[in-house]
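Ready for some practice in reading a protein model? Take a look at the structure below, then work through the exercises at your own pace.

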Amino acid sequence: MTAEERTIQRDRMRFIKNSLASNLAILGILLNVFYFVSIYKSDVGSWYYSILIGASIVYNLVFMLAVFLSSEGVKNYKKQYSYLLAVMGALQIVRIFIIPTQAHTAAAVINGEAVTVMQDGQFFRVVVYLVLSAVCLIASAAVNLVRCRELAEHLKTLDAQGV
């Protein structure tokens, strides 16, 4: 890519949306939806009927609202939303060690038999959902930070040229 083509590409950033970063954030929400549907459809005894699940439901609502707001922010090259997305991505990793890990190691008594609350297949699936969601959110943050820096540098050169 020549220097002129690169300048044109940067100049276009003033007029087009940052759809890659926005779409990655939306994909992170979708993967989170897959996670919580997998968790909430489980019905193994009364293990899932706890304050932890209630807090998880509230967190999921806050998560989806914050990430959707961030997806709109990064679409418009707003740098501060990258930091929120990175934090939300890190929290997705932390979530692996809360409900999935606890449910995978817990047993519930059903009809006199001890049954593992979360089987290996479901555990692997929800961990993959959370990890992929975290990767999407962190990638969205990184893409937006890089593009915000590029756009800011380009705008400085335009100001210096008096355009």
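Here are four short exercises on this predicted model, each with a worked solution.

**Exercise 1.** Find out which pattern of helices and strands the protein follows along the sequence.

*Solution.* Start with the totals: there are 6 helices and 2 strands. Then read along the sequence, and the pattern is α-α-α-α-α-β-β-α.

**Exercise 2.** Compare the radius of gyration of the protein with that of a compact globule of 163 residues.

*Solution.* A compact globule of this many residues would come near 15 Å, but the protein has 21 Å. Next, look at the box filled by the C-alpha atoms: along the principal axes it is roughly 80 × 30 × 20 Å.

**Exercise 3.** Check whether the span of helix α6 agrees with 1.5 Å a residue.

*Solution.* Helix α6 runs over residues 120-161, which is 42 residues. The expected span uses one less than the number of residues, times 1.5 Å, so it should be 62 Å. The end C-alpha atoms are 61 Å apart, which agrees. Just after α6 comes G162, with a positive phi near 80°.

**Exercise 4.** Decide whether A86 and V87 are buried, partly exposed or exposed.

*Solution.* First place them: A86 lies in helix α4, residues 80-95, and V87 lies in α4 too. Partly exposed means between 20% and 50% relative accessible area. A86 has 31%, so A86 counts as partly exposed; V87, at 47%, also counts as partly exposed. Now look at their surroundings: A86 touches I138 and A141, leaving aside residues up to four places away in sequence. V87 joins L91, V94 and I98 in a nonpolar surface patch of about 290 Å².

Technical notes
Residues numbered from 1 in each chain as written. Predicted model: local features only at pLDDT ≥ 70, side-chain atom pairs only at ≥ 80, totals over all residues. Heavy atoms only, no water. Helix = DSSP H or I, 4+ residues; strand = E, 2+ residues; numbered from the N terminus. Buried < 20%, exposed > 50% of the residue type's maximum accessible area, 1.4 Å probe, protein only. Contact = heavy atoms within 4.5 Å. Patch = residues over 30% accessible without salt bridge, like charges linked within 9 Å, V, L, I, M, F, W, Y side chains within 5 Å. Areas by Shrake-Rupley, 256 points an atom, 1.4 Å probe, with all protein chains shown as cover. Salt bridge = Lys/Arg side-chain N within 4 Å of Asp/Glu carboxyl O. Rg over C-alpha atoms; globule rule 2.2 N^0.38 Å.
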